[in-house]
Amino acid sequence: MQQRKFIIILSLLSICLCIVIFLPLQKVFTFTETRIAHPKVHYIPISTEHTFQIRYTHSIHKSDVLESYQYIKGNRIEMLEMEYEDLAIGMPGYAEENQTLIQRNGKYVLQFNNNAILDNFTIYIGDLDLDLEFNYADGEYDLKKDLRRGKSYLFEIKRLSLYEQWKGVRMK
């Protein structure tokens, strides 16, 4: 009888442990390399802050571009605005439908009015010595140091289990 109770308790503990390890609980930003058979997931844990930014140096203009986003219900991504100094060659000079182009502090700001909602997007890590940063909750992540140059990564918001976090790479 004692042995049977011990086996039942041990089984219940094993089931609870498996649930804790394999249930995706932690919401994270993920960067998953594309075009590779067994990609590693690089991730940044999400806190209570809903907005984040990607700042990069434009390869032709050599000036900073700041893209602002927020994550919304359903792990979707909403682009809020893009701020830049120079027009032409890859940078919009006018607003399209549901967009507004203004000038603020000597820079152009293209605002997206609830029409730029995405499930994910692909980001290319160029092999040029120009800035590419992910800014979130007072933290700056140098994507060119954390990810492989010359590779593309699928960026998305999802939940990871403890097991998936152990297999992945936490970005610092």
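A strand, as the word is used here, is a DSSP run of E with at least two residues, and strands are numbered from the N terminus. Glu-83 is found in one of these, strand S5. Keep S5 in mind, as we'll come back to it several times. One thing to know before going on: this is a predicted model.

## The whole chain

Let's start zoomed out. The protein chain has three helices and 13 strands. Its C-alpha atoms fill a box of roughly 80 × 35 × 30 Å along the principal axes. How does the radius of gyration of the protein chain sit beside that of a compact globule of 172 residues? The globule would come out near 16 Å, but this chain has 21 Å.

Of the 172 residues, 36% count as buried. The chain exposes about 10,900 Å², and carbon and sulfur atoms supply 53% of that. Now take the contacts between residues at least 6 apart in sequence: 57% of them join residues at least 24 apart.

## Helix H1 and its patch

Helix H1 covers residues 2-22, and Ile-15 lies in it. Ile-15 also belongs to a nonpolar patch on the surface, together with Ile-8, Leu-12, Ile-19, Leu-23 and Leu-25. Between them, these six side chains offer about 570 Å² of accessible area.

How far is Gln-3 from Glu-81 in space? C-alpha to C-alpha, the two are 64 Å apart, with their positions 78 residues apart in sequence.

## Inside: the nonpolar core

The largest nonpolar core has 30 residues. Those with the most contacts inside it are Phe-29, Phe-31, Phe-52, Ile-123, Phe-134, Leu-143 and Phe-155. Several strands supply at least two core residues each, among them S1 (26-33), S3 (51-57), S4 (64-72) and S12 (151-160). Which strand gives the most to this core? That's S5, with four residues.

Phe-52 makes a nice close-up. Leaving out residues up to four places away in sequence, Phe-52 touches Phe-29, Phe-134 and Phe-155, and its other partners include Tyr-69, Tyr-71, Ile-77 and Tyr-136.

## Two glutamates on S5

Back to S5. Glu-81 lies in this strand too. Are these glutamates buried or exposed? Glu-83 counts as buried because its relative accessibility is 17%, under the 20% cut-off. Glu-81 is buried as well, at 18%.

Their contact lists, again without close sequence neighbours, are worth a look. Glu-83 touches Asp-64, Val-65, Leu-66, Arg-104, Lys-107, Tyr-108 and Val-109. Glu-81 is in contact with residues including Leu-66, Arg-104, Val-109 and Phe-112.

## Salt bridges

Side chains of opposite charge can pair when their charged atoms come close. The structure holds twelve salt bridges. Here are three of them:

| Pair | Closest N to O distance |
|---|---|
| Arg-55 and Asp-131 | 3.3 Å |
| Arg-76 and Asp-119 | 2.8 Å |
| Glu-81 and Arg-104 | 2.7 Å |

What does each pair tie together? Arg-55 lies in strand S3 and Asp-131 in the loop between S9 and S10, so this bridge links parts that are 76 residues apart in sequence. Arg-55 is buried at 17% relative accessible area, whereas Asp-131 is partly exposed at 40%.

Arg-76 is in S5 and Asp-119 is in the loop between S8 (117-118) and S9, so the pair connects parts 43 residues apart in sequence. Both ends are partly exposed, with 31% for Arg-76 and 45% for Asp-119.

Glu-81 is in S5 and Arg-104 in S6, so their bridge joins parts 23 residues apart in sequence. Arg-104 counts as partly exposed at 30%. Salt bridges that share partners join Glu-81, Glu-83, Glu-85, Arg-104 and Lys-107 into one network.

## A few loop residues

Asn-98 sits in the loop between S5 and S6 (99-104). Its phi is near 65°, a positive value in a residue other than glycine. Ala-137, in the loop between S10 and S11 (139-142), has a positive phi too, near 45°. Asn-98 is partly exposed at 41%, and so is Ala-137 at 42%.

Ala-95 is found in the loop between S5 and S6. Aside from close sequence neighbours, Ala-95 is in contact with Thr-100, Leu-101 and Leu-110.

Notes
Residues numbered from 1 in each chain as written. Predicted model: local features only at pLDDT ≥ 70, side-chain atom pairs only at ≥ 80, totals over all residues. Heavy atoms only, no water. Patch = residues over 30% accessible without salt bridge, like charges linked within 9 Å, V, L, I, M, F, W, Y side chains within 5 Å. Areas by Shrake-Rupley, 256 points an atom, 1.4 Å probe, with all protein chains shown as cover. Salt bridge = Lys/Arg side-chain N within 4 Å of Asp/Glu carboxyl O. Core = buried A, V, L, I, M, F, W, Y, C linked by side-chain atoms within 4.5 Å. Buried < 20%, exposed > 50% of the residue type's maximum accessible area, 1.4 Å probe, protein only. Contact = heavy atoms within 4.5 Å. Rg over C-alpha atoms; globule rule 2.2 N^0.38 Å.
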